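Student: I am new to this structure and would be grateful for a close look at one part of it. Please choose a single strand and describe its surroundings in a connected way.

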Amino acid sequence: QAPGCGYVTKGLDPGFGLVVALEEGQQLSGVQEAIRHALRHDPTDTWACDRCGARDGVNSREVQAPPDLLLVQLKRMAYDPAAPAESRSRKISATVPIEDEIDLAPFLARPAPPAAPEQVDPEQPIDLERAVLPPVAREPCRYRVRAVVVHSFSTAAIGHYMTHVRVDAPDGSPAWVRYNDSGVQSPKSALPAKVQDDAYLIFYE
C-alpha cells in the first residue's frame, strides 16, 4: 500500500506453508505469534504504486485460503558467507512454544479488489475497497497440532532430526510418540520441553 494515495497492489505467492524467520535470542509466546511476525507489515522501497508511483510503501501478507494441512517452518538456520568456513552455518537460538491449537482467522485475506483501471484520475477520492483496512471479526479458523520435526544439536553444520507425532489416547487426551530413525518411543502425555527450542517444522490440521 502506498502511504500517500492509499492505493493497494495485490499479488499471489504460491508458497508451500508459512515461513517464519527467527532472530537470535527471540522468545515468542507461541506459534500464533510466530505467524503474526511472518505476516507483519514491513516498509518496502522495491515496489512502485500503480496510481502515484511512490516507492515508500508498506508490504503486508495474508493467507489467501486456509489449507487442510498447515505447515509452519521456523527458520533456525543461518548462513554467513563472510564468516570463517567452520562457522558459516549456525543455528539460531530462539524459543517458540507449541500450542495445541492456533487460529488462522486473523491472517486470512479479504476478497480481492477489482483490477486497477488503465488510467486513474489522481483527484478522485481513494477507493476504500483497494486500501488496507483494519481487521474485521471473523469466524474462528482453528488448527490442531499434529506433528513436530525438531533439529537436535547446537549448530547447523551437524545434528539430528526427529519427529514427534500426536496420536490421541482412547479417552481423547493428547499422546505424543517420538520417531527417532528406527526407534519409536512409547507415547507421552506432552511434548518434551526442549521442543520449543528445537522445533523446525510444525504440522497443523
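Tutor: The following account concerns one strand, its partners and the core to which it contributes. The model is a predicted one, and the strand chosen is β12, which spans residues 199–204. Of its 6 residues, 5 are buried, so β12 is largely enclosed by the rest of the structure; buried here means under 20% relative accessible area.

Two pairings of this strand may be described in turn. Strand β4, residues 70–75, runs antiparallel to β12 and is joined to it by 4 bridges. Within this pairing, Leu 71 has Phe 203 of β12 as its bridge partner. Strand β8, residues 142–152, is also antiparallel to β12, with 5 bridges between them. Here Val 150 is bridged to Ala 199 of β12.

The strand also takes part in the largest nonpolar core, which has 34 residues. The members that touch the most other members are Leu 104, Ile 202 and Tyr 204. Two or more residues of this core come from each of β1 (18–21), α1 (31–38), β4, β8 and β12. Both β4 and β8, described above as joined to β12, are thus named again among the contributors. In soluble globular proteins, nonpolar side chains tend to be buried together.

Leu 104 deserves a closer look. Leaving aside residues up to four places away in sequence, Leu 104 touches Leu 18, Ile 35, Val 63, Pro 66, Pro 67, Leu 70, Cys 141 and Tyr 143.

Notes: Residues numbered from 1 in each chain as written. Predicted model: local features only at pLDDT ≥ 70, side-chain atom pairs only at ≥ 80, totals over all residues. Heavy atoms only, no water. Buried < 20%, exposed > 50% of the residue type's maximum accessible area, 1.4 Å probe, protein only. Pairing = 2+ DSSP bridges. Core = buried A, V, L, I, M, F, W, Y, C linked by side-chain atoms within 4.5 Å. Contact = heavy atoms within 4.5 Å.
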